[in-house]
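Hi there,

Here is the structure I promised to pass on. Please have a look at it, and read on below for what turned up.

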Amino acid sequence: MRKLFPFVALAVLMVAGCGLKKSDLVGSYSGEFSLTEEQKRDPVAAMMANVQPTLTLNEDDTFVMNVLVEIGGKWSLAGDKVTLSIEKAMGVAIPDDRKQTVTLVVKGNGKTLEGSVPDAKAPLVFRRNES
């Protein structure tokens, strides 16, 4: 067992060092709604297939997302989840009692963010734009 300890300790350090950092996620993303076949037959949900959402995560912990309208606010990272705290819509501050959050799960080392936006009928998938 003593002979294995250095290898186990090294493995733990390597895994711990693989965690995401906010700087890994800063950048722009293009999105799409992931509709099921049933949703594609629903006229309201099917309209979402034509929407091309965008998301920009900035270094100063702010974000801008366009999903029919521009919304913005602050973003944070906890584990593999990005939380977008919506503070503005179309440049106008949202009252505190009406503010919402969006949670996106980070996949592929930050290349993909998956979640849903309030009132959307389908999951939203953002893919990082390569620059």
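Two strands count as paired if DSSP finds at least two bridges between them. Strand 5 and strand 7 are joined by five bridges and run antiparallel. One thing to keep in mind as you read is that this is a predicted model.

**The chain as a whole**

The protein chain holds four helices and nine strands. Read from the N terminus, the order of its elements is α-α-β-α-α-β-β-β-β-β-β-β-β. Of the 131 residues in the chain, 28% are buried. Among contacts with a separation of 6 or more, 39% are between residues 24 or more positions apart.

**Strand 7 and its partners**

Let me stay with strand 7 for a moment, which covers residues 101-107. Its side chains alternate: Val102, Leu104 and Val106 are buried and point to one face, while Thr101, Thr103, Val105 and Lys107 point to the other face and are not buried. Towards strand 5, Thr103 of strand 7 is the bridge partner of Thr83.

Strand 7 also pairs with strand 8 (residues 112-115); four bridges join these two, and they run antiparallel. Here Val105 has Glu114 in strand 8 as its bridge partner. Together, strands 7 and 8 form a hairpin with four residues between them. In the turn, Gly108 has a positive phi of about 60°. Asn109 lies in the loop between strand 7 and strand 8 as well, and its phi is near 55°, a positive value in a residue other than glycine. Is Asn109 buried or exposed? Its relative accessibility is 67%, so Asn109 counts as exposed, given that exposed means over 50%.

**Another positive phi**

Leu68 sits in the loop between strand 3 and strand 4. Its phi is near 70°, again a positive value in a residue other than glycine. Leu68 is exposed because its relative accessible area is 69%.

**The second largest pocket**

This may be the part you want to open in your own tools. The second largest pocket has a space of about 150 Å³. Its lining is made up of 14 residues, and those nearest its centre are Phe63, Val64, Gly72, Gly73 and Lys88. Which strands each supply at least two residues of the lining? They are strand 3 (62-67), strand 4 and strand 5 (81-89). Strand 4 gives the largest share, with five residues. By type, the lining divides into five nonpolar, five polar and four charged residues.

Strand 4 spans residues 69-78, and Ala78 lies in it. Ala78 has a relative accessibility of 55% and therefore counts as exposed. Its C-alpha atom is separated by 9.0 Å from that of Leu20, although the two residues are 58 apart along the chain.

**A side chain in helix 3**

Finally, a look at Gln39, which is found in helix 3 (residues 37-41). Why does Gln39 count as buried? Its relative accessible area is 19%, and buried means under 20%. The side chain of Gln39 reaches the backbone nitrogen of Thr36 at 2.8 Å.

Happy to talk any of this through whenever it suits you.

Best wishes

Key
Residues are numbered from 1 along each chain as its sequence is written. This is a predicted model: local features need pLDDT of at least 70, side-chain atom pairs count only at pLDDT 80 or more; totals for chains, interfaces and linings use all residues. Side-chain values use heavy atoms; hydrogens and water are left out. Buried means under 20% relative accessible area, exposed over 50%, partly exposed in between (1.4 Å probe, protein chains only). A polar contact is a pair of N or O atoms within 3.5 Å; within protein, one must be able to donate a hydrogen and the other to accept it, and residues adjacent in sequence count only if both atoms are side-chain atoms. On a 1 Å grid over the protein atoms alone, a cavity is a set of points where a 1.4 Å probe fits but cannot get out, and a pocket is an open set with protein on both sides within 12 Å along at least five of seven lines; lining residues have an atom within 4 Å of a point. Grid points are joined across faces, edges and corners, and a volume is the space filled by probe spheres set on the points. Ala, Val, Leu, Ile, Met, Phe, Trp, Tyr, Cys and Pro count as nonpolar, Asp, Glu, Lys and Arg as charged, and the others, Gly among them, as polar. Contact means heavy atoms within 4.5 Å.
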